[in-house]
Amino acid sequence: MAQENLSARKAVHFSSGHSINLSAIRKDFPVLSQMINGHPLVYLDNAASTQKPMSVIQKMQTFYEHDYANVHRGAYELSSRATDEYEEARRKIVDFINAAGSKNIIFTKNGSEAINLVAYSWGRHFLNEGDEIVLTEMEHHSNLIPWQLLAEEKGLTLRPVPIREDGTLDMEVLKKVIFSKTKLVAVTHVSNVLGTINPVAEIARLAHSVGAKILVDGAQSVPHFSVDVQALDCDFFTFSGHKMLGPTGIGVLYGKEEILEEMPPFLSGGDMISEVWIDHATWNELPYKFEAGTPPFVEAIGLGAAIDYLQTIGMDWVWEHEQELTQYALAQIKTVPDLEIFGPTENRAGVISFKIADIHPHDVATFLDQEGVEIRTGHHCAQPLMRRLCIPGTARASFYLYNTFEEVDRLVAALNKTREFFK
Ligand code: C6P
């Protein structure tokens, strides 16, 4: 399909009965309408962090201007307003990922902290020498290092599942390494390098069949498509607000209530207690047992506004748009001479990692920046995966709901120019 047709179709595409116009969406993101190095900005580093719509920026500003006070503390108007807004944000997350209720949702400062919470609280308490953790070769360091540290401390074994040539997880190996000693399967929902979408519902069934728990790193999934944590039957699910139009400083841990109930606190201090004596204490109910000290409540409220925005657009539309962009981009990028794309060709998210001949990825990014095209390069916090691919790093373009087909064309034109320059 010609690119103009696709663009035109996007401009009148409808989701759940309401009209969505891509150029109207872009107007909601003030940062997008600027020039970089003399060219209109093309922002393609959404897997690292996304831009923020005015509704999120304004929500946080209005809250600071009119409603700001600490939460869960004062019996006065401002504090109860702040508390209501904070808890309302939690309820929005409950709805967004179809959790059973607010007790399942713990606010953290990012996805990494959410995984660390599980490692330090659940892992330290429930795992013993000889127990095994199954994870994958495509994990982000955030879903690897906490388990390495725990394995060292407790004498656990880590069982990495390899990827196949096409960048998908080797499910045959995964089935073999999950057995009675497996106590946890820690797996990313979507690879931040390859775009691979892992079959986490099936992996959850395999984990549960031997009595193991499953933690799903949803940093690259929940911003892009509808996630139902109960349908997936995951025990833990983690993600970051800043990758889904929300502010920095806010992340989420979802956990099944019965598991969270049994876990000891992670961080301690104010708000996470029920009663305190000088030599001991009892713990607050869920989710507050895991939210020590003043939480990032303004950021949580900002994330709530981001969820409102995503739900107004509709996650089905977001996913469909990104899928069309990705398929278009894969087809176009392939035409650049000597360019190699990593990851599967089908069933993949809007993350495209590539290399061009032997040009260093940093040089590609620097060249693209001169053209106003912003991409990320490096190991993407996935060094074991880079070792598996026998490369030091990749160049990576990643899309979100505000990206256009014209921007893909700009990327491809800049890549062709790069190839020419370094010939
Ligand atoms: N990936 C990228 O790919 P934090 O930094 O805690 O918000 O998110 C960590 C994280 C965890 N899991 C996956 C799959 C991720 O992709 C990330 C963040 C970024 O550009 C930074 S390396």
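**Exercise 1.** Is C381 buried, partly exposed or exposed?

*Solution.* In this predicted model, the relative accessibility of C381 is 25%. Buried would require under 20% and exposed over 50%, so C381 counts as partly exposed. C234, by contrast, has 1% relative accessibility and therefore counts as buried.

**Exercise 2.** Work out why C381 has no bond to the closest cysteine sulfur, and state how many disulfides are counted.

*Solution.* Begin with the general idea that a disulfide is a covalent bond between the sulfur atoms of two cysteines. The cysteine sulfur closest to that of C381 belongs to C390 and lies 20 Å away, which is too far for a bond. A pair would have to be within 2.5 Å, and by this rule the count is 0 disulfides.

**Exercise 3.** Describe the open sheet that contains β11, and find its edges.

*Solution.* The sheet has 7 strands with mixed pairing, in the order β6-β12-β11-β10-β9-β7-β8. At its edges stand β6 (105-108) and β8 (157-161), and because each has a single partner strand, one side of each is left without a neighbour in the sheet. On average, neighbouring strands are turned by 20 degrees against each other, direction ignored. Within the sheet, β10 (residues 213-217) pairs with β11 (residues 236-240) in the parallel sense over 3 bridges, and D217 has T238 in β11 as its bridge partner.

**Exercise 4.** Place S121 relative to its helix and its surroundings.

*Solution.* S121 sits in helix α5, which spans residues 111-126. Helix α5 lies across β6, β9, β10, β11 and β12, running at about 150 degrees to β11. With 0% relative accessibility, S121 counts as buried. Leaving aside neighbours within four places in sequence, S121 is in contact with M263, P264, P265, F266 and F290.

Conventions:
Residues are numbered from 1 along each chain as its sequence is written. This is a predicted model: local features need pLDDT of at least 70, side-chain atom pairs count only at pLDDT 80 or more; totals for chains, interfaces and linings use all residues. Side-chain values use heavy atoms; hydrogens and water are left out. Helices (H or I, at least four residues) and strands (E, at least two) are DSSP runs, numbered from the N terminus. Buried means under 20% relative accessible area, exposed over 50%, partly exposed in between (1.4 Å probe, protein chains only). Contact means heavy atoms within 4.5 Å. Two strands pair if DSSP finds at least two bridges between them. Axes are lines fitted to C-alpha atoms, for helices over the stretch in contact, and angles run from 0 to 180 degrees between N-to-C directions.
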